[in-house]
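Hi there,

Here is the structure I promised to pass on to you. Have a look at it first, and then read on for what turned up in it.

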Amino acid sequence: MEVKMKRYAVLFVILTFAAFAWEFGGPEGDWLSATWLPRGELLLTGPNYRGLFIYYGEDRLDTVTLDWKAGYRPAIHDWHVVLVFTGYEDFDSPGRVQVYDLLYLTLDEIYSGQKVGPPVFNENGHVVFSDENYVFVYSHRGYMVDVFLGGANVILPIADGDYFFCDRAGIAYHYEPLTDKQEAIALTDGGRFTFSPVASRDGKYVAFEDIGGAVFLYDVFSRKVTELPKGDRPIFIDEPFGVLQLQLEDDGEDITSSKIIFVAIEDGEIAYVKDVLESTWKYLITHIDFRPGFGLLLTTRDGRIIHERDYEEVLSK
Amino acid sequence: MKSLIIALVLTSSLLAVNVILDPGHGGSDAGASGPSYLEKNANLDVAFQAKSYLEAASVTVGMTRSTDITLSLADRCAIANSGGWERFMSIHENAYNTAVQGTETFCYTSGSSNSFDLRNKVHPELIWAHGYNDRGTKTANYYVLVNTTMPAILGEGTFIDYTAGWDESWRYLTNWNDHKGRQGFAYAKGFCVHRGITPPTYGSPPPTTDSIIVDNGDPEFTSGGSWTAGSYSGGWDGDYLFCNVTGSNWARWSPNLPEDGEYDVYMWWLAGANRCDSVFVRVFGLANDSMAISQKGTGSEWHYLGSHEFYSGTSGYVSLGDRTAVNGDVVIADAVLWIYNAPLGAEDFAEPAKPAKMEISAYPNPFNSAVSITAPAGAEIEIFDVNGRRVAELPRLASLGTPSQAKGNSPLFKEGWPEAGVFLSEGARLSPTAHSYVWRPEGNLGSGIYFVRATMGVESMTKRIVYLR
């Protein structure tokens with residue numbers, strides 16, 4: 001996908017509806033998802049999670065990279081004001097872990113190797129990623145901090161310096177580096193298959209998906225698992241604390257409807273569930289993001305980005 | 001962490017080349033359907049075949065689903081993405097208006113060059129697998145093609161709803177001519193060519209000590225009719241038999257199996273353009289499975305006839321007959337291979353009991369004008385010819401009430417034997433558990449073997465009947 005095309009895409013629109021603060025989009029499938037950056041810019045990725053682009057508003061759209069997979073789980077650090085991602089120039093070439101400075105607009109490669117998964121920041125602000133054999137810990141400036149055996153494609157640092165991951169067999173694990181203990185996380189049904197974990201900002205909770213549509217919440221301290229309502233692509237909200245998740249329906253070939261629900265969490269238990277937004281005939285929502293003060297950021301099936309500012313009060317009781 | 005380390009190092013060493021297969025639909029989403037089989041089941045069967053062939057080529061294979069479960073598109077993508085798989089192949093069958101047949105393979109319109117290459121390598125293999133119309137390589141923005149991080153394709157092997165020339169879904173149900181195995185092999189070979197690795201060999205399991213081969217010269221082989229010894233190369237162990245004058249030629253391979261169990265059964269023949277494409281084959285084990293195979297296309301290799309259960313000894317056999325061949329079509333009788341696969345389940349050793357739920361009777365059989373068929377009440381009755389083409393059907397009639405009520409309510413209830421079709425039998429008793437029907441074949445139907453199939457829920461049973469005009 002050409003950068004030029006992206007620029008036209010941004011220039012293409014701005015439609016305002018009563019329900020939506022603003023939206024923009026372009027040709028079908030133009031944007032796959034949008035994520036808030038610390039100062040309110042939008043981080044965009046294209047189909048197949050290819051490339052990363054930053055939309056500053058008006059007609060300014062910067063291309064960070066056109067690497068494949070770069071848009072799959074990029075990590076953003078508010079204090080460092082950087083974003084980090086793993087991209088592949090070609091699918092079978094080495095993966096490159098790169099840090100993009102959002103203030104100085106510089107791009108630095110901190111690691112290159114085969115089969116590198118997406119990076120994430122740990123509670124110390126270090127970049128963590130895995131190549132399936134090793135887990136690497138780097139500073140965002142590119143200095144190696146630690147490396148140890150283990151890992152999976154997606155690995156999450158959680159509270160107390162521990163790690164969480166789901167392997168390809170669909171088993172979720174909690175690993176404690178200090179004691180070198182690894183524990184499989186038992187679900188209600190031994191036959192479950194888990195994937196796509198996300199950690200809360202403080203690392204105390206992990207939400208992950210399960211085959212069949214269920215979403216589970218893992219309490220890192222109590223090691224307790226709570227089954228949440230069915231959903232897709234859970235993301236954590238800090239205040240009120242809970243999980244925002246999509247409920248996608250499909251006909252086996254394409255998405256037919258979508259709904260956003262919010263599951264409030266208190267002491268590891270579901271406090272309440274609230275319907276936030278339902279798709280209309282015109283908008284099939286396939287990705288979501290939320291930031292306090294900025295509001296909901298929705299990406300539709302046909303590649304449009306919609307911003308809704310007023311959902312913070314909907315999320316609270 | 002040590003077990004994790006070992007597991008991951010081992011896993012990593014195996015991950016030089018990997019792919020995740022995505023059998024489309026599943027669970028409450030049946031996908032497309034034909035009269036005999038559902039797309040979700042065909043997709044899963046093909047995926048397992050592809051997995052076997054890929055693993056034979058040392059490829060690490062994952063599956064988004066390996067059972068009949070409902071799985072959303074979002075979950076399919078998430079499983080593939082979070083597992084870090086390198087390629088994604090979604091396996092589907094097509095459907096339109098029951099009259100269209102062909103094969104097409106998709107990748108995303110703005111996908112990577114690897115996606116296009118994978119699509120272009122798999123597609124000709126799918127064309128080879130079925131020999132149907134080449135509907136071409138195409139692009140589309142299917143959800144799984146757009147939302148996966150790796151090169152991805154989606155194959156539409158055949159139109160499973162096709163009934164204009166034959167019942168395509170019946171070919172999946174019976175694995176006609178290794179229908180599912182060939183499609184699975186196509187995905188495997190296309191993938192291997194795309195990745196530059198040695199592809200697996202189609203349908204040629206190496207004989208092992210656990211395998212038993214009965215060749216046409218062996219004492220366990222018997223035949224009747226008029227067979228001639230062939231002289232071309234390519235027969236198993238050098239020789240084979242053929243016949244080309246249709247009559248009552250038959251051949252039977254009766255192995256002395258060493259133990260009870262489930263066996264993979266293969267047949268070897270020398271293929272050719274003048275061969276019969278609907279040779280009637282029966283595998284007689286614990287069940288009596290019938291199928292039609294084509295001896296055109298690829299030959300001189302082992303063709304998979306499915307996995308079948310047998311008791312030890314000589315009670316089981318595979319037979320072949322030419323009654324379905326057009327006069328002049330050549331039928332080959334060469335060799336059959338049994339490979340022990342698994343022990344019989346405990347249920348197979350239970351006291352033989354008369355089936356309580358599904359039973360079909362037909363009288364007279366053979367018949368020359370009409371046949372009376374008794375089948376479970378509420379079952380859907382269909383009649384197929386040996387090519388899998390549905391020639392008659394009676395929709396499910398779950399609550400007919402008394403014969404007179406049924407007569408009054410149903411246009412399917414006919415007096416006597418007035419015309420062609422399948423009708424509720426006037427004189428037969430409509431019991432709560434079984435109904436009787438009469439089938440009088442259409443005038444354009446020829447003599448031969450037909451199959452009556454009764455389907456009720458997930459259960460079905462087939463009865464062979466012979467029509468002599």
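Let's begin with a term you will need: a salt bridge is a side-chain nitrogen of Lys or Arg within 4 Å of a carboxyl oxygen of Asp or Glu. A:Lys115 and B:Glu86 fit this description, since their side chains meet with N to O at 2.2 Å. Please keep in mind that this is a predicted model.

**Where the two chains meet**

That pair belongs to a wider picture. The rule finds three salt bridges across the interface of chain B and chain A, along with 15 residue pairs in polar contact, both residues being at pLDDT 80 or more. Which parts of chain B give two or more residues to the side that touches chain A? They are α1 (2-14), α3 (73-83) and α5 (143-146) of chain B. The largest share comes from α3(B), with eight residues. Sorted by class, this side of chain B has 21 nonpolar, 20 polar and seven charged residues.

How many residues are in contact across the interface? On chain B there are 48, and they are in contact with 46 residues of chain A. Between them, the two chains bury about 4,000 Å², and 52% of that is on carbon and sulfur atoms.

**Chain B as a whole**

Stepping back from the interface, chain B has 469 residues, and buried ones make up 56% of them. Its secondary structure comes to eight helices and 26 strands. Now take the contacts in chain B between residues at least 6 apart in sequence: 73% of these join residues at least 24 apart. As for the surface, chain B exposes about 18,400 Å², with carbon and sulfur atoms supplying 51% of it.

**One residue to look up in chain A**

Try finding A:Thr226, which lies in strand β21 (residues 224-228) of chain A. Is A:Thr226 buried or exposed? A:Thr226 has a relative accessible area of 10%, and the cut-off for buried is under 20%, so this residue counts as buried. What does its side chain reach at 3.0 Å? The partner there is the backbone oxygen of A:Gly268. Leaving aside residues up to four places away in sequence, A:Thr226 touches A:Val215, A:Phe216, A:Leu217, A:Gly268 and A:Ile270. A:Gly268 therefore appears twice in the surroundings of A:Thr226, as a residue that is touched and as the owner of that backbone oxygen.

Enjoy exploring!

Best wishes

Notes. Residues are numbered from 1 along each chain as its sequence is written. Chains are lettered from A and ligands numbered from 1 in the order in which they are written. This is a predicted model: local features need pLDDT of at least 70, side-chain atom pairs count only at pLDDT 80 or more; totals for chains, interfaces and linings use all residues. Side-chain values use heavy atoms; hydrogens and water are left out. Contact means heavy atoms within 4.5 Å. Buried area is the accessible area (1.4 Å probe) that two parts lose on being put together, summed over both. A polar contact is a pair of N or O atoms within 3.5 Å; within protein, one must be able to donate a hydrogen and the other to accept it, and residues adjacent in sequence count only if both atoms are side-chain atoms. Helices (H or I, at least four residues) and strands (E, at least two) are DSSP runs, numbered from the N terminus. Ala, Val, Leu, Ile, Met, Phe, Trp, Tyr, Cys and Pro count as nonpolar, Asp, Glu, Lys and Arg as charged, and the others, Gly among them, as polar. Buried means under 20% relative accessible area, exposed over 50%, partly exposed in between (1.4 Å probe, protein chains only). Accessible areas come from the Shrake-Rupley method with a 1.4 Å probe; for residues, only the protein chains shown count as cover.
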